[in-house]
Amino acid sequence: MSDFLDVLTNYDILGAYWVNIQLAFFSAVFALLLGLVLAMMRISPVPSLRGFGASYVNLMRNTPLTVIVVFAILVLWPIFNVSFSDNFNQNFFWLAVLSLSLYHASFFCEAIRSGVNTVPVGQAEAARAIGLSFLPAARLVIMPQAFRGAIAPLGNTLIALIKNTTVAAAASVAEVSILMREMIESNGNYVIPIFLTIAVGFVILVIPVGMLTTYLSQKLAVSR
Amino acid sequence: MRTTRHTLMACAAVSALFLAGCSSDESTTQDSDSLTIGIKFDQPGLGFKDGETYTGFDVDVAKYVADKLGYTEDQIEFVEAISANRETMLEGDQVDMIFATYSITEERDQVVDFAGPYFVAGQDLLVRADDMDITGPESLSGKNLCSVSGSTSAQRVKDTYDTGSEINLVEQPGYSECLSLLTGGQVDAVTTDDIILAGLAAEEGSGAMKVVGNPFSEERYGVGIPEGSDQCTAINEALTEMFDDGSWQEAIDAATDGTGFVPNADLNPPTLVECAA
């Protein structure tokens with residue numbers, strides 16, 4: 001047992017989790033913003049915007065995340081010279097954030113749209129009746145209520161996003177799943193304890209997020 | 001009520017059958033009429049699944065050893081043993097032997113047994129054939145390097161040679177990704193064990209890449225067997241025969257054909273380690 005603790009202290013596990021947390025944070029911010037824009041498109045009165053939003057969501061939601069990440073690292077970077085940073089490794093980090101954001105934006109969009117569906121049609125009609133056009137109505141009337149109704153699905157998407165940050169390993173980001181492979185490679189005698197340690201780390205990360213979103217979704221629910 | 005009891009009995013009978021099926025399955029793995037061998041499926045030149053056939057140096061050694069142990073080729077079942085799964089597969093008796101570029105290390109030796117080694121590889125660099133700048137790990141500063149994520153080779157570069165973070169290391173899930181980055185010019189070198197690199201260069205075939213030939217580590221590839229297995233001595237005898245009758249050399253030449261790769265002659269063919277009692 002103490003040998004195993006020695007193995008754990010040889011590796012910067014917390015540092016690796018910190019990379020996952022950063023990936024999740026930046027991706028969540030960008031994906032939520034993009035998801036909001038997409039959701040607005042999907043409920044907008046302009047058919048071409050609705051069509052674009054629906055196409056984006058269906059395309060991204062149905063493409064495996066690994067494929068998107070590998071596309072970024074083996075096509076965007078080498079062939080289209082997409083580069084976000086002069087620092088070699090930082091560039092991979094941002095390519096991973098880009099892939100995670102593009103992918104999860106479709107899920108955030110659908111979560112927000114499910115929130116929009118909880119807002120009664122009467123609200124939109126009332127907004128129209130007092131003279132608000134689409135954007136002000138969405139900003140002042142629809143979206144504030146939609147977000148309050150969408151907290152639980154948004155939380156689920158965030159939890160999925162946190163766990164999906166491990167896919168960034170395919171983009172050469174030194175996060176925790178690469179560290180786990182390193183640890184197993186050099187410590188074949190502790191494969192299962194190492195695996196369980198990493199898995200427990202994710203449980204510790206994700207459970208508070210779940211509890212917080214459950215609490216908020218009840219606390220902030222629009223009572224009708 | 002009566003029907004319920006009948007259903008229950010039927011269920012019990014069915015599950016008993018299933019359980020019986022399970023246990024007999026397990027015993028066939030240990031039976032003498034088939035041999036399950038874990039190999040890599042994705043390393044050309046070593047262990048490679050090409051349609052329904054398996055090729056490579058590891059596969060050739062495995063077939064030779066199996067033959068000496070009294071198994072025909074039909075009785076061998078090859079299964080994929082990815083690096084991270086090798087110990088668990090042996091501990092769970094899912095395979096009888098592993099020939100999968102499996103370096104003998106102290107940590108692994110605690111949970112599995114090793115026969116061999118049947119090859120001593122060294123970490124080396126694969127570069128484009130016209131590259132004259134890279135001669136070894138010391139000449140990598142400012143260069144882009146690719147290796148497989150989490151591998152010993154990647155760790156060694158990070159820990160030993162990348163002191164001032166002058167080496168830009170890309171970690172990819174497999175060697176084929178690294179090779180595509182090397183061909184495309186995004187990285188200047190791919191690093192791992194020399195025989196794996198030679199296999200990759202041989203598979204590519206056009207002579208556009210070369211192995212630098214300046215190994216900077218010693219990886220002793222052993223045959224992984226379950227802890228306490230009685231096969232170790234027999235495997236070692238088979239390996240000795242293979243070294244002596246020339247088929248070992250033939251297998252290496254076949255795997256690295258056209259690359260001019262010569263294994264480190266001081267260490268190969270390797271001296272076998274005595275089997276633990």
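This is a chat about a predicted model with chains A and B.

Biologist: Let's start with chain B; which domains does the assignment give?

Modeller: The domain assignment splits chain B into domain 1, covering 32-121 + 218-255, and domain 2, covering 123-211, and the C-alpha centres of these two domains of chain B lie 26 Å apart.

Biologist: And how many residues does each domain of chain B put into the contact?

Modeller: Domain 1 of chain B gives 12 residues and domain 2 of chain B gives 11; on the domain 1 side, strand 2 (42-43) and strand 7 (112-121) of chain B each supply at least two residues, and that side is made up of 6 nonpolar, 4 polar and 2 charged residues.

Biologist: Changing topic, which residues of helix 8 of chain B are buried?

Modeller: They are Cys232(B), Ile235(B), Ala238(B), Leu239(B) and Met242(B), and because they cover an arc of only 125 degrees around the axis, they sit on the same side of helix 8 of chain B.

Biologist: What do those buried residues pack against?

Modeller: They pack against helix 2 (57-68), strand 7, strand 13 (219-226) and helix 9 (247-255) of chain B, while the face of helix 8 of chain B turned away from the buried side carries the exposed residues Thr233(B) and Asp244(B).

Biologist: Why do residues three or four places apart point the same way in an α-helix?

Modeller: An α-helix has 3.6 residues a turn, so residues with that spacing point the same way.

Biologist: Last one: how many residues of chain A are in contact with chain B?

Modeller: In chain A, 16 residues are in contact with 23 residues of chain B, and helix 9 (residues 176-186) of chain A provides the largest share of the chain A side, 6 residues.

How values were computed. Residues numbered from 1 in each chain as written. Chains lettered and ligands numbered in written order. Predicted model: local features only at pLDDT ≥ 70, side-chain atom pairs only at ≥ 80, totals over all residues. Domains from an automatic or database assignment. Contact = placed C-beta atoms within 7 Å. Helix = DSSP H or I, 4+ residues; strand = E, 2+ residues; numbered from the N terminus. Nonpolar A, V, L, I, M, F, W, Y, C, P; charged D, E, K, R; others polar. Buried ≥ 20, exposed ≤ 12 C-beta atoms within 10 Å, placed from the backbone. Arc of directions from axis to C-beta.
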